[in-house]
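Colleague: I'd like to learn how to read packed helices, pockets and cavities. Could you walk me through an example?

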Amino acid sequence: EEIPTGLAQMRLITSGALRSVCPHVNYYKFLACNIFRVLIGYLFLINVLLVLIQAEDVLTIFYDVLALQFVQQLDDIAFRLARLDVFGRRMQRACTMRWFDQEFEYHKGCAKHKLMLKALYFLNMILFIIAIVVVSTRQMNGYYFCKDITLDVGDGILEDAFVLLNGSFEKWVLVYSYFNGVFIKNGTHAGRPLYKEARKFDRQLYNPEDQDGSMFPVVVPAEIKYCEEMKAWVLTHENIRKSESDDSMCNWLLRSPETDSFNVLDAVGKWDIWVGVLGTTDVSITCNRCAERTDCNLNGECSDDGKCICDNGNGVDYFGEHCEVRLRDECKTIIPEDGNYTMSIEHMNSWSGEVVAKDSDVWDDIWQEYSRPVFSSFDNNERWSLIYSGARWFGMNLTGTDMTSKRWLESVSNYHAFWYRAYATSTTFVSAPTKESSPVGVDWYLISERGDQFGPLGALSPVQRYNQTGRGLFRCAGNMNNKNTSVSARKLSTFDRRLTKILKGHVRS
């Protein structure tokens with residue numbers, strides 16, 4: 001209504017006609033009023049378009065458009081109320097003066113004017129339809145959703161997960177935090193984005209062709225998708241079941257509360273988790289989109305494609321999708337509170353070999369898994385590494401690995417704590433659950449015994465001094481000269497020293 005009315009008045013009422021009928025009215029003010037009237041009409045159409053794009057049901061569209069129509073006509077309502085003397089005599093006189101109700105002659109050229117108005121109506125309709133089609137197509141393709149997200153699940157454990165391997169089921173221990181990390185949008189499902197688990201090494205999608213020479217089974221990524229039957233978002237995996245005869249809807253392992261939302265970010269909070277029985281756990285899902293420095297925790301800058309470029313230098317390096325992992329230079333080498341060995345971060349270019357050189361822009365960096373640097377020690381022909389695995393650090397014996405081989409590089413780049421069975425096969429020590437950037441200040445435990453008698457993580461014996469909770473095992477080597485460092489080991493009695501177990505499994509006296 002506003003668009004054709006404004007255009008009609010500007011076309012029919014010329015400067016001369018307005019001067020002859022209403023000599024006291026400024027023609028330019030008259031034009032400005034009609035231009036603003038046309039703009040209001042287009043703003044209304046844009047608002048209607050936004051309502052149609054964002055609405056999730058027809059009733060929402062009806063109420064929103066009704067509200068827009070009411071707001072648009074507030075000025076007309078106010079004008080009519082003023083004429084009825086609701087706002088005082090002065091407003092009534094202003095709204096009933098003669099020039100507010102004048103008639104102008106219908107001059108020549110009106111046929112062309114009618115044609116122009118009809119063309120404008122069709123043009124507006126065509127533009128409106130084009131906008132709806134473009135936006136709807138992009139919505140169906142997931143264009144407006146997060147391109148990748150970060151999943152953070154609690155430390156729930158399913159002791160008897162049925163894993164399908166080579167056509168038969170095996171029972172494995174499933175620690176849900178093994179699936180923490182980045183999930184990348186890979187198509188759509190049920191009209192919503194489908195997210196596939198990314199590699200823990202470089203946060204790129206798993207590719208079976210890159211795992212041909214790996215020392216471990218091919219990693220099949222988990223998925224986060226919307227389940228129409230349950231009306232919920234779920235974490236699922238095609239090769240993991242709750243039981244051999246599991247026929248539950250969408251084969252879910254984690255499921256959100258019931259929702260119709262098209263955005264998985266709306267489904268954070270308490271999710272149902274299967275741990276042999278139905279339980280609940282806190283699930284955090286964040287969008288890896290950078291709009292300002294705070295999205296990088298003030299530790300980086302936003303790139304043109306909306307990613308965080310983490311700061312490095314000035315004694316600190318930052319890692320992670322949001323630059324949330326902080327590694328100080330003095331902590332790039334760590335030492336236990338008691339013991340004569342060190343563990344340092346590894347640079348992958350130090351592994352050498354032709355395979356590394358061909359992809360130096362990726363490999364010439366600090367070795368990371370789950371966005372945390374890996375710390376390693378080489379002593380007496382033994383190789384030990386501290387590798388983060390979603391919620392805990394694992395102390396792993398990797399003696400005998402050939403770091404220059406293609407198999408090693410493919411295994412490292414596709415590392416997954418669950419599919420590599422890292423805890424069951426190579427881990428001797430394990431930390432307490434933590435989100436810390438390094439093993440410093442984290443309590444550690446020796447896995448002394450395993451078996452059905454013990455819990456899913458085995459029998460755990462503390463290794464920090466005095467078995468103190470919160471004392472931690474490792475310190476930053478760069479802080480050794482600090483006078484405030486903990487008490488020197490030489491002040492301990494022989495008995496106290498024997499309480500401390502060193503990472504390599506020896507008791508030093």
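Modeller: Sure, we'll take helix pairs, then a pocket, then a cavity. Keep in mind that this is a predicted model.

Colleague: What describes two packed helices?

Modeller: Two things: the angle between their axes and the distance between those axes. Take helix H1 (residues 2–12) and helix H3 (residues 27–54): their axes lie 7 Å apart, and the angle is about 160 degrees.

Colleague: How are H1 and H3 oriented to each other, roughly parallel or roughly antiparallel?

Modeller: An angle over 145 degrees counts as roughly antiparallel, so that's what we call H1 and H3. Their crossing is left-handed.

Colleague: Which residues of H1 and H3 meet?

Modeller: On the H1 side you'll find Glu-2, Ile-3, Thr-5, Gly-6, Leu-7, Gln-9 and Met-10. Their partners in H3 include Tyr-27, Phe-30, Leu-31, Val-38 and Leu-45. Sorted by class, this contact of H1 with H3 has ten nonpolar, five polar and two charged residues.

Colleague: Let's try another pair. At roughly what angle do the axes of H5 and H6 cross?

Modeller: Helix H5 (residues 74–83) and helix H6 (residues 89–96) cross at roughly 110 degrees, and their axes come within 7 Å. That makes H5 roughly perpendicular to H6. This crossing of H5 and H6 is left-handed. H5 brings Phe-79, Ala-82 and Arg-83 to the contact, while H6 brings Met-91, Gln-92, Cys-95 and Thr-96. By class, we get four nonpolar, two polar and one charged residue in the contact of H5 with H6.

Colleague: Now pockets. What volume does the second largest pocket have?

Modeller: For a pocket, look at its volume and then its lining. The second largest pocket here has about 770 Å³. It is lined by 23 residues, and the closest to its centre are Asp-202, Arg-203, Glu-321, Asp-365 and Gln-368. Among the elements that give two or more residues to this lining are strand S4 (181–189) and helix H9 (360–363). The lining of this second largest pocket divides into eleven nonpolar, four polar and eight charged residues.

Colleague: And how many cavities of 30 Å³ or more does the structure hold?

Modeller: A cavity is a space where the probe fits but cannot get out, whereas a pocket is open. The structure holds one cavity of 30 Å³ or more, and the largest cavity has about 50 Å³ of space.

Colleague: Which residues line the largest cavity?

Modeller: Among them are Asp-155, Val-175, Tyr-178, Arg-392, Phe-394 and Leu-457. Counted by class, the lining of the largest cavity has six nonpolar, two polar and two charged residues.

Terms used
Residues numbered from 1 in each chain as written. Predicted model: local features only at pLDDT ≥ 70, side-chain atom pairs only at ≥ 80, totals over all residues. Heavy atoms only, no water. 1 Å grid on protein atoms, 1.4 Å probe; cavity = no way out; pocket = protein on both sides within 12 Å on 5 of 7 lines; lining within 4 Å. Points joined across faces, edges and corners; volume = space filled by probe spheres on them. Nonpolar A, V, L, I, M, F, W, Y, C, P; charged D, E, K, R; others polar. Axes fitted to C-alpha atoms, helices over the stretch in contact; angles between N-to-C directions. Helix = DSSP H or I, 4+ residues; strand = E, 2+ residues; numbered from the N terminus. Parallel < 35°, antiparallel > 145°, perpendicular 65-115°, else oblique. Left-handed = near helix turned anticlockwise from the far one by under 90°. Contact = heavy atoms within 4.5 Å.
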